[in-house]
Amino acid sequence: MARPRRFRRISEEPQIRCFKPEREDLDSFEPIEILIDEFEAIRLRDYHDIQQKRSAEIMGVSQPTFHRILTSARKKIANALINGNTIVITGIDRLIRYECNGCGFKWQHPRKEYKKCPDCGSANISTVEEEEYPPDSDESLMDRKSYGGRGLGAGPPLVCKCPNCGYESPKTRAVPCSNTKCPKCETPLCGNH
């Protein structure tokens, strides 16, 4: 079974969801669908010119995943421009959970809306809940040191502390706390913020 898809943060919904070329025979060409996360990747990297690493952090995905999303969007846009296809931006920025009333199967999908249960094929399904994409953490991206914030608390410990008796000593730079033993009970010390 595939790993569950990670939520992608979408900062801005597209104002226009369809672009059509001026041509008479539009009905003979399939529209090209650009997913909302592909739209967001193009908006961040190409329109706002934000570096790929930071764009990936804004969307809440890894840098390789962001690169795959961006590459897919660029290929689709190039295909539409070269071949004269309509571009349609699809997807929603919320999570829809479903439950089959026939077999009890539960599932979710961030983009697709279901009419039938994928497990048993029954049309007797109901929406359990619909919610906005949850944030990955309470920490703001702008709190990180790399963006001028105070940082998230990572880094070397400030003091070395004994896990047994609670003795504390200042952390010596470039010396791991575990290399220092407690003078009271001879237990190796641990780093402590």
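Helix α1 lies across strands β2 and β3 and runs at about 70° to β2. Contact here means heavy atoms within 4.5 Å. Axes are lines fitted to C-alpha atoms, for helices over the stretch in contact, and angles run from 0 to 180 degrees between N-to-C directions. Helices (H or I, at least four residues) and strands (E, at least two) are DSSP runs, numbered from the N terminus.

This is a predicted model, in which local features need pLDDT of at least 70 and side-chain atom pairs count only at pLDDT 80 or more, while totals for chains, interfaces and linings use all residues. Residues are numbered from 1 along each chain as its sequence is written, and side-chain values use heavy atoms, with hydrogens and water left out.

**The sheet of β1, β3 and β2**

Three strands form an open sheet in the order β1-β3-β2, with mixed pairing. The edge strands are β1 (18-19) and β2 (32-35), each of which pairs on one side only. Two strands count as paired if DSSP finds at least two bridges between them.

Strand β3 (residues 87-90) runs parallel to β2 and is joined to β2 by 4 bridges. Within this pair, I34 stands opposite I89 in β3, and L35 stands opposite T90. On the β1 side, the pairing with β3 is antiparallel, over 2 bridges. There, F19 has I87 of β3 as its bridge partner.

The two faces of β3 are not alike: I87 and I89 form a covered face, whereas V88 and T90 form an uncovered one. Helix α3 (residues 63-83) also lies across β2 and β3, running at about 155° to β2.

**Helix α1 and its surroundings**

Buried means under 20% relative accessible area, exposed means over 50%, and partly exposed lies in between (1.4 Å probe, protein chains only). Of the 12 residues of α1, 9 are buried, so the helix is largely enclosed by the rest of the structure. The buried residues are I36, D37, E38, F39, E40, A41, I42, R43 and L44. Charged side chains are among them, including D37, E38, E40 and R43. The cover over these buried residues includes β2, α2, α3 and β3. After α1 comes D49, which has a positive phi, near 60°.

**Helix pairs**

Two packed helices are described by the angle between their axes and the distance between the axes. The values for two pairs are as follows.

| Pair | Axes come within | Crossing angle |
|---|---|---|
| α1 (residues 36-47) and α2 (residues 52-59) | 10 Å | roughly 140° |
| α2 and α3 | 9 Å | roughly 95° |

Angles under 35 degrees count as roughly parallel, over 145 as roughly antiparallel, 65 to 115 as roughly perpendicular and the rest as oblique. Helices α1 and α2 are therefore oblique to each other. Their crossing is right-handed, a term used when the near helix is turned clockwise from the far one by less than a right angle, with left-handed used for an anticlockwise turn. On the α1 side, the contact is made by D37, E40, A41, L44 and R45, and on the α2 side by Q52, S55, I58 and M59. By class, this contact has 4 nonpolar, 2 polar and 3 charged residues. Ala, Val, Leu, Ile, Met, Phe, Trp, Tyr, Cys and Pro count as nonpolar, Asp, Glu, Lys and Arg as charged, and the others, Gly among them, as polar.

Helices α2 and α3 are roughly perpendicular to each other. Residues Q52, K53, S55, A56 and M59 of α2 meet Q63, F66, H67 and I69 of α3. The classes in this contact are 4 nonpolar, 4 polar and 1 charged.

**The sheet of β8, β7 and β9**

A further open sheet has 3 strands in the order β8-β7-β9, with antiparallel pairing. Strands β8 and β9 (190-192) stand at the edges with a single partner strand each, so one side of each is left without a neighbour in the sheet. From one strand to the next, the twist averages 35°. The antiparallel pairing of β7 with β9 covers 3 bridges, and K161 has C190 of β9 as its bridge partner.

The loop between β7 (159-161) and β8 (168-170) holds C165. With 39% relative accessibility, C165 counts as partly exposed. Leaving out residues up to four places away in sequence, C165 touches C182, K184 and C185. C165 and C185 are 20 residues apart along the chain, and their C-alpha atoms are separated by 7.4 Å.
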